[in-house]
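Trainee: Please take one part of this model and go through it closely. I would like to know what surrounds it and how it connects to the rest of the chain.

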Amino acid sequence: MYSLEQKIYANFLKRPKKERKPGIFWASEVADIVSGRLLPKDFFKERKFDIRGAIAVSIGSLFDGFIKSVCGEYEADKSFEIELEEGCRIVGKLDLFKDGVPYEIKTAKFIPAKPYENHKMQCECYMRGMKAEKCWITYILKDFRNGFISKSYIILPDDKRWELIKQMVVEFHNKLKQL
(Lines give C-alpha, C1' and ligand atoms only; values in the text may rest on other atoms or scores of the structure.)
Protein backbone atom coordinates (compact mmCIF):
# COMPACT_ATOMS: atom_id res chain seq x y z
CA MET A 1 0.00 0.00 0.00
CA TYR A 2 1.28 3.46 -0.93
CA SER A 3 1.07 6.63 1.12
CA LEU A 4 -0.76 9.58 -0.42
CA GLU A 5 2.58 11.29 -1.02
CA GLN A 6 3.94 8.23 -2.84
CA LYS A 7 0.79 8.03 -4.97
CA ILE A 8 1.06 11.73 -5.91
CA TYR A 9 4.75 11.26 -6.73
CA ALA A 10 4.10 8.17 -8.88
CA ASN A 11 1.35 10.05 -10.74
CA PHE A 12 3.66 13.06 -11.19
CA LEU A 13 6.34 10.89 -12.79
CA LYS A 14 3.79 9.73 -15.42
CA ARG A 15 2.91 13.29 -16.51
CA PRO A 16 3.68 14.41 -20.06
CA LYS A 17 6.93 16.34 -20.16
CA LYS A 18 7.86 19.39 -22.23
CA GLU A 19 10.32 17.99 -24.72
CA ARG A 20 13.27 20.30 -25.20
CA LYS A 21 14.24 20.89 -28.80
CA PRO A 22 17.24 22.79 -30.16
CA GLY A 23 16.32 26.38 -31.00
CA ILE A 24 13.08 26.39 -29.00
CA PHE A 25 13.26 28.04 -25.59
CA TRP A 26 10.28 28.33 -23.23
CA ALA A 27 9.50 31.75 -21.75
CA SER A 28 9.28 30.04 -18.35
CA GLU A 29 12.97 29.06 -18.52
CA VAL A 30 14.39 32.26 -20.00
CA ALA A 31 15.46 33.54 -16.56
CA ASP A 32 17.38 30.29 -15.97
CA ILE A 33 19.25 30.90 -19.25
CA VAL A 34 19.93 34.58 -18.43
CA SER A 35 21.15 33.80 -14.88
CA GLY A 36 23.29 30.83 -15.94
CA ARG A 37 21.27 28.33 -13.86
CA LEU A 38 20.60 26.45 -17.11
CA LEU A 39 23.72 25.68 -19.10
CA PRO A 40 23.86 24.44 -22.70
CA LYS A 41 25.47 21.16 -21.57
CA ASP A 42 22.45 20.51 -19.33
CA PHE A 43 19.73 21.59 -21.77
CA PHE A 44 18.60 18.10 -22.73
CA LYS A 45 18.92 16.57 -19.26
CA GLU A 46 15.62 15.71 -17.63
CA ARG A 47 14.88 17.87 -14.61
CA LYS A 48 14.71 15.77 -11.46
CA PHE A 49 12.14 16.33 -8.73
CA ASP A 50 12.10 14.88 -5.25
CA ILE A 51 8.76 14.01 -3.65
CA ARG A 52 8.36 17.51 -2.11
CA GLY A 53 9.05 19.23 -5.43
CA ALA A 54 6.65 16.90 -7.23
CA ILE A 55 3.89 17.65 -4.70
CA ALA A 56 4.53 21.41 -5.01
CA VAL A 57 4.29 21.25 -8.82
CA SER A 58 1.15 19.08 -8.58
CA ILE A 59 -0.52 21.56 -6.21
CA GLY A 60 0.39 24.40 -8.58
CA SER A 61 -1.24 22.51 -11.45
CA LEU A 62 -4.40 22.04 -9.40
CA PHE A 63 -4.55 25.77 -8.67
CA ASP A 64 -3.93 26.50 -12.34
CA GLY A 65 -6.85 24.29 -13.39
CA PHE A 66 -9.13 25.79 -10.76
CA ILE A 67 -8.30 29.40 -11.72
CA LYS A 68 -8.90 28.64 -15.40
CA SER A 69 -12.23 26.98 -14.60
CA VAL A 70 -13.54 30.08 -12.79
CA CYS A 71 -12.21 32.57 -15.35
CA GLY A 72 -14.36 31.41 -18.25
CA GLU A 73 -14.37 34.81 -19.96
CA TYR A 74 -10.57 34.62 -20.28
CA GLU A 75 -8.80 32.67 -22.99
CA ALA A 76 -6.63 29.95 -21.42
CA ASP A 77 -3.41 28.41 -22.73
CA LYS A 78 -2.96 30.82 -25.64
CA SER A 79 0.40 30.11 -27.31
CA PHE A 80 2.92 32.43 -28.92
CA GLU A 81 6.30 32.25 -30.57
CA ILE A 82 8.99 34.90 -31.13
CA GLU A 83 11.72 34.32 -33.70
CA LEU A 84 14.94 35.92 -32.45
CA GLU A 85 17.03 34.72 -35.38
CA GLU A 86 16.75 31.88 -37.85
CA GLY A 87 16.32 28.66 -35.88
CA CYS A 88 16.10 30.39 -32.48
CA ARG A 89 12.69 31.05 -30.93
CA ILE A 90 11.13 31.83 -27.60
CA VAL A 91 7.79 30.09 -27.15
CA GLY A 92 5.22 30.20 -24.40
CA LYS A 93 1.74 29.37 -23.27
CA LEU A 94 -0.17 32.01 -21.32
CA ASP A 95 -2.17 31.06 -18.26
CA LEU A 96 -4.91 33.52 -19.20
CA PHE A 97 -5.45 36.20 -21.85
CA LYS A 98 -8.17 38.84 -22.08
CA ASP A 99 -8.55 42.10 -23.99
CA GLY A 100 -4.98 41.96 -25.27
CA VAL A 101 -3.49 41.42 -21.81
CA PRO A 102 -1.63 38.30 -20.61
CA TYR A 103 -2.21 37.07 -17.04
CA GLU A 104 0.29 34.86 -15.25
CA ILE A 105 -0.74 32.97 -12.08
CA LYS A 106 1.88 31.81 -9.57
CA THR A 107 1.28 29.83 -6.40
CA ALA A 108 3.61 30.73 -3.58
CA LYS A 109 4.56 29.87 -0.01
CA PHE A 110 4.38 33.60 0.73
CA ILE A 111 3.37 36.70 -1.20
CA PRO A 112 6.46 38.61 -2.36
CA ALA A 113 6.73 42.36 -1.71
CA LYS A 114 7.46 42.78 -5.43
CA PRO A 115 7.45 40.40 -8.40
CA TYR A 116 10.43 38.09 -8.75
CA GLU A 117 12.82 38.99 -11.55
CA ASN A 118 12.45 35.57 -13.21
CA HIS A 119 8.68 36.08 -13.37
CA LYS A 120 9.16 39.58 -14.82
CA MET A 121 11.34 38.03 -17.55
CA GLN A 122 8.63 35.48 -18.29
CA CYS A 123 6.04 38.28 -18.49
CA GLU A 124 8.40 40.29 -20.73
CA CYS A 125 8.35 37.40 -23.21
CA TYR A 126 4.55 37.22 -22.96
CA MET A 127 4.18 40.93 -23.68
CA ARG A 128 6.56 40.78 -26.64
CA GLY A 129 4.96 37.62 -28.02
CA MET A 130 1.41 38.97 -27.70
CA LYS A 131 2.30 42.60 -28.49
CA ALA A 132 0.77 43.59 -25.16
CA GLU A 133 1.30 46.85 -23.30
CA LYS A 134 1.23 45.18 -19.87
CA CYS A 135 1.04 41.82 -18.16
CA TRP A 136 -0.63 40.96 -14.87
CA ILE A 137 1.09 38.56 -12.52
CA THR A 138 -0.85 37.21 -9.56
CA TYR A 139 0.69 35.38 -6.63
CA ILE A 140 -1.71 33.10 -4.73
CA LEU A 141 -0.78 31.85 -1.29
CA LYS A 142 -0.88 28.04 -1.10
CA ASP A 143 -1.73 28.08 2.60
CA PHE A 144 -5.44 28.78 3.20
CA ARG A 145 -5.29 28.85 7.02
CA ASN A 146 -5.78 32.62 6.90
CA GLY A 147 -8.23 32.61 3.98
CA PHE A 148 -7.59 33.15 0.28
CA ILE A 149 -4.71 35.58 -0.07
CA SER A 150 -3.40 36.87 -3.36
CA LYS A 151 -1.64 39.92 -4.72
CA SER A 152 -1.40 41.12 -8.29
CA TYR A 153 1.22 43.26 -9.96
CA ILE A 154 1.29 44.98 -13.33
CA ILE A 155 4.46 44.37 -15.32
CA LEU A 156 5.26 46.87 -18.07
CA PRO A 157 7.57 46.27 -21.04
CA ASP A 158 11.20 47.09 -20.36
CA ASP A 159 13.46 47.47 -23.40
CA LYS A 160 16.64 46.88 -21.37
CA ARG A 161 15.28 43.62 -19.92
CA TRP A 162 14.10 42.51 -23.39
CA GLU A 163 17.49 43.23 -24.99
CA LEU A 164 19.21 41.19 -22.25
CA ILE A 165 16.80 38.29 -22.77
CA LYS A 166 17.32 38.29 -26.54
CA GLN A 167 21.11 38.54 -26.25
CA MET A 168 21.43 35.76 -23.67
CA VAL A 169 19.02 33.37 -25.42
CA VAL A 170 20.80 33.81 -28.78
CA GLU A 171 24.20 33.27 -27.09
CA PHE A 172 22.85 30.16 -25.36
CA HIS A 173 21.45 28.90 -28.67
CA ASN A 174 24.78 29.40 -30.43
CA LYS A 175 26.67 27.57 -27.64
CA LEU A 176 24.13 24.74 -27.80
CA LYS A 177 24.74 24.36 -31.55
CA GLN A 178 28.45 23.87 -30.88
CA LEU A 179 27.89 20.86 -28.59
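Mentor: Two residues are in contact here if they have heavy atoms within 4.5 Å of each other. The model is predicted. I start from K68, which is found in helix α3. Leaving aside neighbours within four places in sequence, the contacts of K68 are A76, D77, D95 and L96. With a relative accessibility of 17%, K68 counts as buried, because the limit for that class is under 20%.

K68 belongs to a set of buried residues in α3, together with A54, S58, G60, F63 and I67. These buried residues pack against helix α1 (4–13) and against the strands β2, β5 (96–98), β6 and β7 (135–141). The length of α3 can be checked: 20 residues at 1.5 Å each should span 28 Å, and the C-alpha atoms at its ends are 29 Å apart, which agrees. At the N-terminal end, α3 is capped by D50, where a side-chain oxygen lies 3.2 Å from the backbone nitrogen of R52.

One of the contacts of K68 is D77, a residue in the loop between β2 and β3. D77 is not a glycine, yet its phi is positive, near 60 degrees. D77 counts as partly exposed, at 37% relative accessibility. K131 offers a second case: its phi is also positive, at about 55 degrees, and K131 is not a glycine either. K131 is placed in the loop between α4 and β7, and with a relative accessible area of 73% it is exposed.

Next come the aromatic rings. The whole structure holds eight aromatic pairs. In one of them, F25 and F43, the ring centres are 5.5 Å apart and the planes are at 55 degrees, so the pair is tilted. F25 is in strand β1 and F43 in the loop between α2 and α3, so this pair links distant parts of the chain, 18 residues apart. F25 and F43 are both buried. In another pair, Y74 and Y103, the centres lie 5.1 Å apart and the planes are at 90 degrees, so the arrangement is edge-to-face. Y74 lies in the loop between α3 and β2, and Y103 in strand β6, so this pair ties together parts that are 29 residues apart in sequence.

The two tyrosines fall into separate accessibility classes: Y74 is partly exposed at 22%, while Y103 is buried at 18%. K98 lies over the face of Y74, at 5.1 Å from the ring centre.

The pairing of F25 and F43 extends further, since ring pairs link F25, F43, F44 and F172 into a cluster. F172 leads to another helix, for it is among the buried residues of α5, which are R161, W162, I165, V169, V170, F172, H173 and L176. Seen down the axis of α5, these buried residues fall within an arc of 160 degrees, so they line one face of the helix. An α-helix has 3.6 residues a turn, so residues three or four places apart point the same way. On the face of α5 turned away from the buried side are the exposed residues D159, K160 and Q178.

The packing partners of the buried residues of α5 are β1 (24–26), α2 (30–35), β3 (79–85), β4 (88–93), α4 (117–130) and β8 (150–155). Helix α5 covers residues 159–178; its 20 residues should span 28 Å at 1.5 Å a residue, and the 29 Å between its end C-alpha atoms agrees with this. At the start of α5, a side-chain oxygen of D158 comes to within 2.9 Å of the backbone nitrogen of K160.

Strand β8, one of those packing partners, contains S152. Beyond neighbours within four places in sequence, S152 is in contact with W136, I137 and T138. With T138 there is a polar contact between side chains, at 2.6 Å. S152 is partly exposed, with a relative accessible area of 36%. S152 and K106 are 46 residues apart in sequence, and their C-alpha atoms are 10.0 Å apart in space.

To return to the starting point, K68 is in contact with A76, D77, D95 and L96, and the buried residues of its helix, α3, pack against α1, β2, β5, β6 and β7.

Terms used:
Residues numbered from 1 in each chain as written. Predicted model: local features only at pLDDT ≥ 70, side-chain atom pairs only at ≥ 80, totals over all residues. Heavy atoms only, no water. Helix = DSSP H or I, 4+ residues; strand = E, 2+ residues; numbered from the N terminus. Expected span 1.5 Å × (residues − 1). Buried < 20%, exposed > 50% of the residue type's maximum accessible area, 1.4 Å probe, protein only. Arc of directions from axis to C-beta. Polar contact = N/O pair within 3.5 Å; in protein donor to acceptor, adjacent residues only side chain to side chain. Phe/Tyr/Trp six-rings, centres within 6.5 Å; stacked < 30°, edge-to-face > 60°. Lys NZ or Arg CZ within 6 Å of the ring centre and 35° of its normal.
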